[in-house]
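Work through the exercises below with the sequence and the model open. Each task is followed by a solution in steps.

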Amino acid sequence: VSHRCARGGSGTLTVKVIVKKQGDGPTPTKGQTVRVHCTGKLEASGAKFWSTKDPGQQPFEFQIGLGKVIKGWDEGVSQMRKGEHSDLICTGDYAYGSGGFPAWGIGPNAELRFEIELLEIK
């Protein structure tokens, strides 16, 4: 297990990447589309709020570094290699911020953990 961190402009920790299984492929570059399996949990309680591995769900795709997902994903997944399995721990401001995501039970400024497997970069 290894760790990588990103810090915001104020120097505070924003996203922590805990590598559970090293990948052997490249890292994505800004604008590329990545395909991931993901399970999201509240860091405080461990309660799962979403998973691409649940019945009827598919891996999630997004363009990296363009603000199409939460900041924690843009910064954390951009550090991952294809094939890597990592946990991203995102502070509230790098997750859903002061508004939270009530539909998924995510409160204001909640710290979140995402178990991510980087499946594909295209």
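**Exercise 1.** How far is the sulfur of C38 from the closest cysteine sulfur, and in which residue is that sulfur?

*Solution.* The model is predicted, so local features need pLDDT of at least 70 and side-chain atom pairs count only at pLDDT 80 or more, while totals for chains, interfaces and linings use all residues. Residues are numbered from 1 along each chain as its sequence is written, and side-chain values use heavy atoms, with hydrogens and water left out.

Step 1. The closest cysteine sulfur to that of C38 belongs to C90, at 9.3 Å, which is too far for a bond.

Step 2. A disulfide is a pair of cysteine sulfur atoms within 2.5 Å. The structure holds 0 disulfides.

Step 3. Take the accessibility of the two cysteines. Buried means under 20% relative accessible area, exposed over 50%, and partly exposed in between, with a 1.4 Å probe and protein chains only. C38 has a relative accessibility of 1% and counts as buried; C90, at 0%, is buried too.

**Exercise 2.** Determine which strands pair with β7, and in which direction.

*Solution.* Step 1. Set the terms. Strands (E, at least two residues) and helices (H or I, at least four residues) are DSSP runs numbered from the N terminus. Two strands pair if DSSP finds at least two bridges between them.

Step 2. Strand β3 (residues 33-42) and strand β7 (residues 112-121) run antiparallel and are joined by 9 bridges. Within this pairing, V34 has I121 as its bridge partner.

Step 3. Strand β6 (residues 85-90) also runs antiparallel to β7, through 6 bridges. Here I116 in β7 stands opposite S86.

Step 4. Look at the loop between β6 and β7, where N109 lies. The phi of N109 is positive, near 55°, although the residue is not glycine. Most residues other than glycine have a negative phi, and most peptide bonds are trans. N109 is partly exposed, its relative accessible area being 48%.

**Exercise 3.** Describe the hairpin of β3 and β4 and place A47 in it.

*Solution.* Step 1. β3 and β4 run antiparallel, with 3 bridges between them. One of the paired positions is K41, whose partner in β4 is K48.

Step 2. The hairpin has 5 residues between the strands, and G46 takes a positive phi near 80°.

Step 3. A47 sits in the loop between β3 and β4. With a relative accessible area of 34%, A47 is partly exposed.

Step 4. Contact means heavy atoms within 4.5 Å. Apart from neighbours within four places in sequence, A47 is in contact with G40, K41 and L42. The C-alpha atoms of A47 and L112 are 9.9 Å apart, across 65 residues of sequence.

**Exercise 4.** Classify the ring pairs that W73 forms with F60 and F62.

*Solution.* Step 1. Rings of Phe, Tyr and Trp (its six-membered ring) pair if their centres lie within 6.5 Å; planes under 30 degrees apart count as stacked, over 60 as edge-to-face and the rest as tilted. The whole structure contains 11 aromatic pairs.

Step 2. F60 and W73 have ring centres 5.6 Å apart and planes at 80°, so this pair is edge-to-face. F60 lies in strand β5 (residues 60-63) and W73 in helix α1 (residues 71-77), so the pair ties together parts 13 residues apart in sequence.

Step 3. F60 is partly exposed at 30% relative accessible area, whereas W73 is buried at 4%.

Step 4. F62 and W73 form a tilted pair, 5.4 Å centre to centre with 45° between the planes. This pair also links β5 to α1, with F62 and W73 11 residues apart. Both F62 and W73 are buried.

Step 5. Ring pairs join these residues into a cluster that links F49, W50, F60, F62, W73, Y96, F101, W104 and F114.

**Exercise 5.** Which residues of the largest nonpolar core touch the most other members?

*Solution.* Step 1. A nonpolar core is a set of buried Ala, Val, Leu, Ile, Met, Phe, Trp, Tyr and Cys residues joined through side-chain atoms within 4.5 Å.

Step 2. The largest core has 26 residues, of which W73, V77, L88, F114 and I116 touch the most other members.

Step 3. Two or more residues each come from β2 (13-21), β3, β4 (48-51), α1, β6 and β7. β7 gives the most, with 5 residues.

Step 4. Beyond four places in sequence, F114 touches residues including C38, F49, W73, L88 and C90.
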